Amino acid sequence: MGKVTGFMEFERVDETYEAPVKRLHHYKEFVAALTDEEAKVQGARCMDCGIPFCNSGCPVNNIIPDFNDLVFHNDWKNALDVLQSTNNFPEFTGRICPAPCEAACTLGINRAPVGIKSIEHAIIDKGWESGWVKPQPSKTKTGKKVAVVGGGPAGMAAAQQLARVGHDVTVFEKNDRIGGLLRYGIPDFKMEKWLIDRRVEQMEAEGVKFETGVFVGKEAIGAEVKNYSTKTVSPDQLMKDFDAVVITGGAEQPRDLPVPGRELAGVHYALEFLIPQNKENAGDFKNEIRATDKHVVVIGGGDTGSDCVGTSNRHGATKITQFELLPQPPEEENKPLVWPYWPTKLRTSSSHEEGCDRDWSVGTKRFEGKNGKVEKLIGVRLEWKDGKMAEVPNSEFEIKADLVLLAMGFVSPVQQVLNAFGVEKDARGNAKATVDGQNAYQTNVSKVFAAGDMRRGQSLVVWAIREGRQCAQAVDEYLMGSSVLPR
């Protein structure tokens, strides 16, 4: 514990944002990381409590009190080593993770929690700037070959861990670049994609091979899931060529809204809007779905909806309205009731602050328009009782809508991939596999493992990294009889 009374002396200092009037004119990141001195002071606020709930609140179990203390003592190199011992990609989580560790912080019971996420961000950025983050190739080779299907954060984490213990790893990704939903679903203004490219270069130096534009399956997937592959490989071929196969695709099957008028032009899934924008930013092609000078309605109040709001603001939308089916959550959580668990409370993102009208307990009845183009949304007020919703009588209303973006979450991974492998599925359409025991992460198909969204469904990037790491340990143990990889 660096400073015994630090949590009483110092207040929380958050990372600062570039002003909306400036950041709306570009797609670059606009968050300024803490200075070394600011990070030191924030590290001093850590209580080093007897039971660090932050550690268990973090899906990858970051050793948070230790790196906080090391930052306080200006020992940045060892702080980086501690951070990297549990997290393959802290520059991803330090930017886009919602920080469940902070919700579990003991100091957060009656004061602002320690700014763990901002400290993590500062550590990894300093590590890269100082040249401390280097490839870690294995000194010996096992002769075992592993195929990883899906190049998102779960697949990247699994591949990196397996390569570092000497396996020959090939990652197959259906899109033209590695990163999965991390690259294509998250706007550049939240995380610039050169950060992924830098990690890919590191992993290539560690021996990982990447095959992009390759779809692994037998039948074509639906148009609602973007597929930029130019080549198809059968699961049978992978099973023949590799000693183990890890399927780690994202939960890309979007939830639809089957109401009258859904077929009108101008009504799109969120990723139909976000993916082309990211590809446009990468110089691939022009995003044809524009919010410029339009009345935009975003349906869905989560992170994907927020990303649609931020992107629409940068397009220059006339007005943006975001609807949520559920009631408006309280501005402050009931900490004695929920701590150290993730609380339900009103969360306002940087995109909302840039301009957006938000409304809750709203259902969509239908879309209306002319000449096949959407012009308005007909909604209705909802009331919730005992967890059940009902329409409020005589509460229908209409709102102008030139562009409607459906951001209501994702129901499952791509079913065609699971079907092609013959993998047994759970009730939600995810690959069925346990996370504990002798057969952890193994599916019902011999030598086929599943991790990340493919196994647990739609989730956070930090959960994807956790599952990728744990799955790698299970695969290594399966191949070698034992494993030195951390669980």
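**Exercise 1. A histidine in a strand**

Find the residues that H268 is in contact with, leaving aside its neighbours within four places in sequence.

*Solution.*
- Start with the rule: contact means heavy atoms within 4.5 Å.
- By that rule, and without those sequence neighbours, H268 is in contact with I289, L403, V404, L405 and L406.
- Next, place the residue: H268 belongs to strand β10, residues 267-269. Strands (E, at least two residues) and helices (H or I, at least four) are DSSP runs, numbered from the N terminus.
- Finally, H268 is buried, because its relative accessible area is 18%. Buried means under 20% relative accessible area, exposed over 50%, and partly exposed in between, with a 1.4 Å probe and protein chains only.

Before you go on, a word on the model: it is predicted, so local features need pLDDT of at least 70 and side-chain atom pairs count only at pLDDT 80 or more, while totals for chains, interfaces and linings use all residues. Residues are numbered from 1 along each chain as its sequence is written, and side-chain values use heavy atoms, with hydrogens and water left out.

**Exercise 2. The whole protein**

Describe the overall build of the protein: how many helices and strands does it have, and what is its radius of gyration?

*Solution.*
- Count the secondary structure: there are 20 helices and 20 strands.
- Then compare sizes: the radius of gyration is 23 Å, close to the 23 Å from the globule rule for 487 residues, so the protein is as compact as a globular protein of that length. The radius is taken over C-alpha atoms, and the rule is 2.2 Å times the number of residues to the power 0.38.
- Along the principal axes, the C-alpha trace spans about 65 × 60 × 45 Å.
- Of the 487 residues, 54% count as buried.
- Look at the contacts between residues at least 6 apart in sequence: 68% of these join residues at least 24 apart.

**Exercise 3. Packing around a helix**

Which residues of helix α6 (residues 76-84) are buried, and which helices do they pack against?

*Solution.*
- The buried residues of α6 are W76, A79, L80, V82, L83 and Q84.
- They pack against α3 (36-44), α5 (64-72), α7 (90-96), α9 (116-129), α12 (194-205) and α20 (461-480).
- One of those partners, α9, can be followed further through D125, which is found in this helix. D125 is buried, with a relative accessible area of 15%, and its C-alpha atom is 7.0 Å from that of E91, 34 residues apart along the chain.
- Another partner, α20, holds Q473. At 12% relative accessibility, Q473 counts as buried; apart from neighbours within four places in sequence, it is in contact with S483, L485, P486 and R487.

**Exercise 4. Cysteines**

How many disulfides does the structure hold?

*Solution.*
- Apply the test: a disulfide is a pair of cysteine sulfur atoms within 2.5 Å.
- The structure holds 0 of them.
- For C58, the nearest cysteine sulfur is that of C101, 5.8 Å away. C58 counts as buried at 5% relative accessibility.
- For C356, the nearest cysteine sulfur is that of C308, 11 Å away. C356 is buried too, with a relative accessible area of 18%.

**Exercise 5. Backbone details in two loops**

Where does P340 lie, and what is the phi of Y441 and of K447?

*Solution.*
- P340 sits in the loop between α16 (335-338) and α17 (350-353). A cis peptide bond joins W339 to P340, with omega about 5°.
- Y441 is in the loop between α18 (415-421) and β20 (448-450). Although Y441 is not a glycine, its phi is positive, about 65°. At 0% relative accessibility, Y441 counts as buried.
- K447 also lies in the loop between α18 and β20. K447 is not a glycine either, and its phi is positive at about 60°. At 18% relative accessibility, K447 counts as buried.

**Exercise 6. A leucine at a helix**

Is L181 buried or partly exposed, and which residues does it touch, not counting those up to four places away in sequence?

*Solution.*
- L181 is found in helix α11, residues 181-184.
- With a relative accessible area of 25%, L181 is partly exposed.
- Beyond residues up to four places away in sequence, L181 touches I186, A251, E252 and L271.
- As for S234, 53 residues apart from L181 along the chain, the two C-alpha atoms are separated by 23 Å.
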